[in-house]
Amino acid sequence: MAFDPQPTRSGYGYSISPMTEADRDALYHAASDPVTWAGHPASDRYKREVFDPYFDSLLASRETVILRTEDGVVIGCSRYYPAPDVPNSISIGYTFIDSKYWGGATNRAFKRLMLEYAFETFDEVWLHIAPSNIRSQKASVKIGAKWRYDADLSLGGGAVQPWKCYTVSQADWNAALPSGTI
């Protein structure tokens with residue numbers, strides 16, 4: 001069975017589905033708060049003229065999913081993509097969640113939908129995080145990810161940049177889940 005990088009899944013109060021052009025305005029609304037991009041290398045992505053080319057690249061990838069609340073509100077997106085330096089692998093990245101949803105169970109639920117799906121095909125999932133993105137590094141460790149190495153990589157055909165490379169295995173993910181929680 002081939003891995004579909006744009007699955008439709010729901011659970012834990014959220015859903016993921018393939019990104020379409022129809023998601024542009026709703027996703028921009030989720031991205032339009034400067035706080036959402038604080039600490040991110042693209043700190044001006046809340047501006048429409050910066051967001052639109054980003055959206056276009058995600059849409060063109062045909063690997064991006066939209067995150068919605070159970071009542072259908074678009075609150076972020078993420079993407080499955082092959083790790084550029086690890087053959088036959090899968091990565092999760094290009095993720096952002098509207099800052100209004102930070103600090104609760106949203107990131108864990110979102111990653112749970114994505115990781116459970118990826119673990120049906122792969123033993124581990126890669127995460128590539130900018131060295132300056134401390135928030136994402138900490139969030140990744142909370143879900144069981146382990147730092148493996150630093151590398152200069154081209155992700156998605158972009159320029160070669162430095163990345164902190166983490167993996168999360170199904171066993172590490174399961175160990176990171178607190179008892180009785182999602």
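**Figure 1. Surroundings of L67 in strand β3 of the predicted model.** L67 is in contact (heavy atoms within 4.5 Å) with Y14, S15, I16, V73, V74, I75, G76, C77, I97, T106 and F110, leaving aside its neighbours within four places in sequence. L67 counts as buried because its relative accessibility is 0%; buried means under 20% relative accessible area, exposed over 50%, and partly exposed in between, with a 1.4 Å probe and protein chains only. The C-alpha atoms of L67 and T95 are 9.8 Å apart in space, while 28 residues separate the two in sequence. Strands are DSSP runs of E with at least two residues, helices are runs of H or I with at least four, and both are numbered from the N terminus. The model is a predicted one, in which local features need pLDDT of at least 70 and side-chain atom pairs count only at pLDDT 80 or more, whereas totals for chains, interfaces and linings use all residues. Residues are numbered from 1 along each chain as its sequence is written, and side-chain values use heavy atoms, with hydrogens and water left out.

**Figure 2. R9 in strand β1 and its polar contact with E120.** Strand β1 comprises residues 9-11, and R9 belongs to this strand. The side chains of R9 and E120 are joined by a polar contact of 2.6 Å. A polar contact is a pair of N or O atoms within 3.5 Å; within protein, one must be able to donate a hydrogen and the other to accept it, and residues adjacent in sequence count only if both atoms are side-chain atoms. Not counting residues up to four places away in sequence, R9 touches Y14, S15, I16, L113, Y117 and E120. R9 and M114 are 105 residues apart in sequence, yet their C-alpha atoms lie 8.4 Å apart in space. R9 counts as partly exposed because its relative accessibility is 27%. Y14, S15 and I16 also appear among the contacts of L67.

**Figure 3. S89 and N88 in the loop between β4 and β5.** The loop that holds S89 lies between β4 (74-81) and β5 (91-97). The side chain of S89 reaches the backbone nitrogen of A83 at 3.1 Å. A polar atom of the S89 side chain also lies 2.7 Å from the backbone oxygen of V86. Residues up to four places away in sequence aside, S89 touches P82, A83, F122 and W126. S89 has 11% relative accessibility and therefore counts as buried. N88, by contrast, is exposed, with a relative accessible area of 76%. The phi of N88 is positive, at about 55°, although N88 is not a glycine.

**Figure 4. R62 in the loop between α2 and β3.** Helix α2 spans residues 48-61 and strand β3 spans residues 64-69, with R62 in the loop between them. Phi of R62 is near 55°, a positive value in a residue other than glycine. R62 counts as exposed because its relative accessibility is 63%.

**Figure 5. N133 in the loop between β6 and α4.** The loop of N133 lies between β6 (124-129) and α4 (134-142). N133 counts as buried, since its relative accessibility is 9%. N133 touches G39, H40 and P41, not counting residues up to four places away in sequence.

**Figure 6. Q170 in helix α5.** Helix α5 covers residues 170-176, and Q170 is placed in this helix. Beyond residues up to four places away in sequence, Q170 touches F119 and D123. Q170 and F122 are 48 residues apart in sequence and 9.0 Å apart in space, C-alpha to C-alpha. Q170 counts as partly exposed because its relative accessibility is 39%.

**Figure 7. The chain that contains these sites.** The chain has five helices and eight strands, which run β-β-α-α-β-β-β-α-β-α-β-β-α from the N terminus on. Of its 182 residues, 46% count as buried. Among contacts between residues at least 6 apart in sequence, 61% join residues at least 24 apart. Along its principal axes, the C-alpha trace spans about 40 × 40 × 35 Å.
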